[in-house]
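Reader: Hi! Could you take me on a close look at a single part of this one, in plain words?

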Amino acid sequence: MDAKTPVAVLVLTGPVRPDQVAGWCAAVREALAGRAGGVVVCDVGGLGQPGLAAVDLLARLELTARRAGGRIRLRDASPALVALLDLLGLRFQTEGQPEEREPPLGVEEAVETGDPAG
């Protein structure tokens with residue numbers, strides 16, 4: 001299975017309520033059933049202000065996906081949500097953001113003449 005092609009897109013809206021978590025986890029399990037290595041895209045643009053309820057939901061969805069042999073990938077994640085996840089040590093695949101330590105396409109590092117080789 002191609003890890004770039006999602007098997008499903010799950011649109012998450014906020015505010016996150018605890019009674020919704022089980023249903024969203026079931027949706028991830030169902031999407032990945034029989035598709036080891038699959039990716040479920042979670043569109044998080046509608047979650048609103050990120051908080052611990054959203055972080056808990058995303059962590060549970062990732063755990064559910066991994067148990068089913070797949071992963072989740074975040075779409076439309078706000079900088080605030082990405083920063084909160086990073087602060088808590090949680091790493092998620094995201095769409096539309098360059099890989100860590102790689103410059104965005106079209107950006108090249110400049111080398112000034114006269115600089116010593118390092």
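Author: **A close look at helix α2**

Let's start with T64, which counts as buried because its relative accessibility is 10% (buried means under 20% relative accessible area, exposed over 50%, partly exposed in between, with a 1.4 Å probe and protein chains only). Before going on, a word on the model: it's a predicted one, where local features need pLDDT of at least 70, side-chain atom pairs count only at pLDDT 80 or more, and totals for chains, interfaces and linings use all residues. Residues are numbered from 1 along each chain as its sequence is written, and side-chain values use heavy atoms, with hydrogens and water left out.

So where does T64 sit? You'll find T64 in helix α2, which covers residues 52-67 (helices are DSSP runs of H or I, at least four residues, and strands are runs of E, at least two, numbered from the N terminus). A polar atom of the T64 side chain is 2.8 Å from the backbone oxygen of R60. Leaving aside residues up to four places away in sequence, T64 touches C25, V28 and R29 (contact means heavy atoms within 4.5 Å).

Now look at R67, which is also part of helix α2. R67 counts as exposed because its relative accessibility is 70%. R29 turns up again here: its C-alpha atom is 8.6 Å from that of R67, though the two residues are 38 apart along the chain. To put the pair together, T64 is buried, whereas R67 is exposed, and both belong to helix α2.

Note on methods:
A polar contact is a pair of N or O atoms within 3.5 Å; within protein, one must be able to donate a hydrogen and the other to accept it, and residues adjacent in sequence count only if both atoms are side-chain atoms.
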